[in-house]
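Please find below a colleague's note, written for a reader who is new to protein structure. It should be read with the sequence and the model in view.

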Amino acid sequence: MPGFDAFLHPRPEGLYCPGGDFFVDPVRPVHRALITHGHADHARAGHMHVLATRQTLDIMAMRYGADFADHTQVADAPMRIGAATVSFHPAGHVLGSAQIRIETPGGVFVVTGDYTRTPSAACAPWEPVPADVLVTEATFALPVFRHPDPDPEIARLLDSRRTFPDRAHLIGAYALGKAQRVITLLRAAGWDGPVYVHGALRRLCDYHVDQGIDLGELRAATIERGNKAQFSGAIVIAPPSAFASPWVQRFPDPVIGFASGWMQVRARARQRGVELPLVISDHVDWPQLTATIAELAPAETWITHGREEALLRWCTLNGHRARALNMVGYEDEPE
Amino acid sequence: MRRFARLLEALAFTPRRSVKQAQFLRYFATTPDPDRGYALAALTGDLELRQVTPSLLRTLISERMDPELFALSYDYVGDLAETIALAWPDGAPDTVRAPDPPPLSALITELQRAGRADLPAMVAGRLDALGMSERYAYLKLATGGLRVGVSGRLARVTLAEFIGVDVAEVEELWHGMAPPYTALFQWADGGPRPEPALASLRPVMLATGFDDLDPGTLDPADFAAEWKWDGVRVQAVAEGGVQRLYTRTGQDISATFPDLLERLVFDGVIDGELLIRTGDRVAPFSELQKRLNRKRVSGPMMARLPAALRAYDLLLWQGRDLRAEPFATRRAALEDAVRALDDPRIDLSALLSFDTWEALAALRAAPPDPVIEGVMIKRRASPYLAGRVKGHWFKWKRDPMVVDAVLMYAQRGHGKRSGYYSDFTFGLWDGDALVPVGKAYFGFTDAELRDLDRFVRDHTTDRFGPVRAVAPQLVLEIAFEGLNRSTRHKSGVAMRFPRIARIRTDKPAAEADRLEHLRALLPPELG
């Protein structure tokens, strides 16, 4: 009996399934690509055929233009591709994100893409999908990453706003997923005032609303000249890149916050000059990651990207077979 | 404990004073005694809890976690306490899921009282029960590693704001108080103003740098100056039969200097310099250090290195508080007091006579004693203020920059120097040519002036009215205080307070410094 490798293995373009002649999240243009979610390092333009969820396809079109691929197909039901049967299952990471289950004659593979088991009102929750081979991410695969509940983290933002009612609170959050996760958390915490969003977030926020996700009142974070005061005490969400620009200085004495799993480590927060670090993640943390492997008990665990050493060590200690794929092209430190 | 952890977090992530203060005020207002006082002491480094060592923490975590996983984690986080706080396997991942922690004061008392043998189990038990950010705060507290940029001064300014009094009032009481400062907090809550302890340290007045100022904006007549001695700034306090010697940071060094302490037979507070002095000879700081390092001092050592006080200022005297008085009034009182004490081991710091900043610079450049490290400049009208308040006292340390330049031109002086060539223009090499870089007319003795004058007369190559050009043969060591860019000077640089430090007849002119060398000393260009 051939090893699992014969049915799915890494190639320079990405993870390749020879039975179906397709790649998962390829980093270079290929003939056929299956895409887990819309983040730029996983979803790239220029493939011939793309199979993904409706929402991921919409997001790619928004990012790259409607002609980002020659052919697109919505993954809404199990589908046969050559010798493989593929199906998409919610990953809980961002809107449209999916784990891809690939059934081959050599076993069932589940490619998680990025995922989290922390539920969010901004996307469908993660579902366990049993597999012979779990192909997992390992972004936060260190025992120090134990992300707290997001609700008390958001409470800290509202608390800071009460302490500094005149200061604008500028929260850095990635445009796809994290921004909407933060806004829905704010709404759940009872914040019913306006949330100001940076221009770079607008279209994605509108798309979430179109998809039935309630984000409440959103306003453009544009300041009229000489009218700083209108942003006193405002909550503003912006992509991290905006914090390096003069845009920030337009706000009255801003509190700079950042919503990310990395904020758990103080040195990281200080490095970025963050005054209000909010540990809000859309990836599995260490307990979730190890629990997933323990619960699904796959015959093998393959690690696509992130910090694989610690996870390999944990698998060895706990009697799980594991290997690192050392795949390149994915951001080791997204969020 | 939860509020303390939150305060610690907020303080750690903001570099701004005003924000730190706002966080403190909120904490004081919402936290009962004695927790708020303990928190204040812990954050300013006034609470010593050093029983829990890094090696104890390593042992605890190695019993609970795979060493390789810990090593990978520690490598990533870079801080032992933080790594353990985050990775502690049995602890709750966040505060919400943890039970309510005990108050800060209870944890501190417990740490203070625990015996060595009980410590590991006690710390482990606390880590099991605390939430993540409390674990961090607890470990930082227990290991004495709370470095969040809160100075004692910031704490006292904030406390004064909280009580609603001037910071001077808090400073006055502070050194007689110990954590958890309950009396101060009760004062804030409407209780009585605490009584200062007998012979406690009074807030010390500190100087700012003179180099950062443009002396052109200050009138020398408004200032007094005295030598800045390289000893230890001290406050000698004697009240109601209690005698104390404090360093300016509040360390009580009475026991180290009993020979001086027994001479504090007065009722008052003297600000001065602690020196090792035999007759008029002041010993270098290294000699003083030999005594500072010991808790107790032997008779032979006191005989060999006798302590003395050189008095700078008088804060209180025979029941009278002089601090609100101007320097001139305090100085007169100090002179009377020292005269009345009539003790050879307690003498006055001499005032320097100067009419211009140049003259003071010259004094500073050539102090009469090697143990002098510069001059102190004090505004005659200033009261004695707590802390480092700008605009009153300045220290002007002796740390000149130096170049070896070649004498190029000389001009006759004015007044008592009118018969001499006493204004000297010097230059540095730029390629094969000398470029003038500055002018000096002081720094030399009368005897040296006569030598310079003779050199000029003997080596004149040209005359332009009162100015003579001289053959480029004499090297002068020029000391100066700073360097600025200049568009007026051909060299592109302008020196602050240049003066002739030495006449280098031993050095050939060709070996004098080059202009590039001077330009390299320029501060970096802005913008």
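The points that follow treat each chain as a whole and then turn to individual residues.

1. Nature of the model. The structure is a predicted model. Every value in this note should be read with that in mind.

2. Secondary structure of the two chains. Chain A contains seven helices and 19 strands. In chain B there are 19 helices and 21 strands.

3. Overall form of chain A. For 335 residues, a compact globule would have a radius of gyration near 20 Å, and the 21 Å of chain A agrees with this. Along the principal axes, the C-alpha atoms of chain A fill a box of roughly 70 × 45 × 30 Å.

4. Overall form of chain B. Chain B has a radius of gyration of 30 Å, whereas a compact globule of 527 residues would have one near 24 Å. The C-alpha trace of chain B spans about 90 × 60 × 50 Å along its principal axes. One pair of residues illustrates a separation within this chain: the C-alpha atoms of B:Lys507 and B:Arg26 are 67 Å from each other, and the two residues are 481 apart along the chain.

5. Burial and surface. What share of the residues in chain A is buried? Buried residues account for 61% of the 335 residues of chain A, and for 52% of the 527 residues of chain B. The exposed area is about 12600 Å² for chain A, with 50% of it supplied by carbon and sulfur atoms. For chain B the exposed area is about 23600 Å², and carbon and sulfur atoms supply 50% of that area.

6. Contacts along the sequence. Consider the contacts between residues at least 6 apart in sequence. In chain A, 60% of such contacts join residues at least 24 apart. In chain B, the corresponding value is 70%.

7. Charges. Chain A has 31 positive and 37 negative charges, and the mean positions of the two sets are 5 Å apart. Chain B carries 70 positive and 71 negative side chains, whose centres lie 2 Å apart.

8. Cis peptide bonds. Most peptide bonds are trans. Which residues of chain B does a cis bond with omega of about 0° join? They are B:Asp33 and B:Pro34. B:Pro34 is placed in the loop between helix 2 (17-30) and helix 3 (35-44) of chain B. A cis bond also runs from B:Pro179 to B:Pro180, with omega near 10°. B:Pro180 belongs to the loop between helix 11 (167-174) and helix 12 (182-188) of chain B.

9. Positive phi angles. Most residues other than glycine have a negative phi. A:Asp21 is not a glycine, yet its phi is positive, near 50°. A:Asp21 sits in the loop between strand 2 (14-17) and strand 3 (22-24) of chain A, and it is partly exposed, with a relative accessible area of 41%. B:Ala199, which is likewise not a glycine, has a positive phi of about 55°. Its place is the loop between helix 12 and strand 1 (208-209) of chain B. Is B:Ala199 buried or exposed? With a relative accessible area of 0%, B:Ala199 is buried.

10. Cysteines. A disulfide is a covalent bond between the sulfur atoms of two cysteines. How many disulfides does a search of the whole structure find? The search over all chains finds zero. A:Cys17 counts as buried, at 1% relative accessibility. A:Cys315 is buried too, with a relative accessible area of 0%.

11. The surroundings of A:His320. This residue lies in the loop between helix 7 (308-317) and strand 19 (322-324) of chain A. A:His320 has a relative accessible area of 18% and therefore counts as buried, since the cut-off is under 20%. Neighbours within four places in sequence aside, A:His320 is in contact with A:Ile293, A:Ala294, A:Trp314 and A:Cys315.

12. The surroundings of B:Lys507. This residue is in the loop between strand 21 (499-504) and helix 19 (515-519) of chain B. Why does B:Lys507 count as buried? Its relative accessibility is 18%, and buried means under 20%. Not counting residues up to four places away in sequence, B:Lys507 touches B:Asp404 and B:Val475.

Technical notes: Residues numbered from 1 in each chain as written. Chains lettered and ligands numbered in written order. Predicted model: local features only at pLDDT ≥ 70, side-chain atom pairs only at ≥ 80, totals over all residues. Heavy atoms only, no water. Helix = DSSP H or I, 4+ residues; strand = E, 2+ residues; numbered from the N terminus. Rg over C-alpha atoms; globule rule 2.2 N^0.38 Å. Buried < 20%, exposed > 50% of the residue type's maximum accessible area, 1.4 Å probe, protein only. Contact = heavy atoms within 4.5 Å. Areas by Shrake-Rupley, 256 points an atom, 1.4 Å probe, with all protein chains shown as cover. Lys, Arg positive; Asp, Glu negative; His and termini not counted. Charge placed at Lys NZ, Arg CZ, Asp CG, Glu CD. Disulfide = S-S within 2.5 Å.
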